[in-house]
Amino acid sequence: MALASVVTQTKLKPTEPLSAEENYCDNCKLCSKVFLGDYMITEEYEDEIEGIKYKSAQKAHPMRRSYVCTGSTGYNEGNWSTWSSARFSIPRNDEELIEIFQKKAVPAQSERNQNHKIEG
Ligand code: SF4
């Protein structure tokens, strides 16, 4: 069993962020290259949490992340794959993302579950 998230109304106290000088990200963009589904795109955006500004990669359509993070697919025509044995390519066109849910994602997850004897 894996604990993936917790929903709470508790006001959590954030820890201190790294200072800008200690920032370990050197913008090599390897994370964008290995994230299947073209979810992270090269443009950056600036945001703010508790008055602290930060930069992050701009994100594409959220279904691009969903298909990969849920294990619906673990491969997308490239050099990288994930733990998921389910395989289908994520279309480049966002208009096709909903359509492949029934046609590819559900069958791929069913096959993965059968292969690994996962119920439910
Ligand atoms: S761009 Fe991505 S992979 Fe490269 S250092 Fe920053 S977080 Fe790490």
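Start by selecting helix 2 and whatever packs over its buried side: helix 3 is part of what covers those buried residues. This is a predicted model, so colour by pLDDT while you are here. Among the elements of the protein chain, helix 2 has the highest mean pLDDT, 90, and helix 1 (residues 30-34) the lowest, 83. The chain as a whole averages 85, with 97% of its residues at 70 or more.

Now show side chains on helix 2. Met63, Arg64, Tyr67 and Val68 are the ones to pick, as they are buried. Look down the helix axis: these buried residues fall within an arc of 135°, so they line one face of helix 2. Then step just past the end of the helix to Gly71, where phi is positive, about 80°.

Next, select the largest nonpolar core. Its eleven residues are Leu36, Met63, Tyr67, Val68, Ala86, Phe88, Ile90, Leu97, Ile100, Ala105 and Ala108. Helix 2 (62-69) and helix 3 (99-115) are the elements that each give two or more residues to this core.

Zoom in on Ala108. Which residues does Ala108 touch, leaving out those up to four places away in sequence? You should find Ser72, Ala86, Arg87 and Phe88.

Finally, move to the strands. Strand 1 (residues 40-49) and strand 2 (residues 52-59) run antiparallel and pair over eight bridges. Select Ile41 and look across to strand 2, where Gln58 stands opposite. To finish, follow the hairpin round its turn: two residues lie between the strands, and Glu50 takes a positive phi near 50°.

Note on methods: Residues are numbered from 1 along each chain as its sequence is written. Side-chain values use heavy atoms; hydrogens and water are left out. A nonpolar core is a set of buried Ala, Val, Leu, Ile, Met, Phe, Trp, Tyr and Cys residues joined through side-chain atoms within 4.5 Å. Buried means under 20% relative accessible area, exposed over 50%, partly exposed in between (1.4 Å probe, protein chains only). Helices (H or I, at least four residues) and strands (E, at least two) are DSSP runs, numbered from the N terminus. Contact means heavy atoms within 4.5 Å. Two strands pair if DSSP finds at least two bridges between them. pLDDT is the predictor's confidence in each residue, from 0 to 100. The arc is that of the directions from the helix axis to the C-beta atoms.
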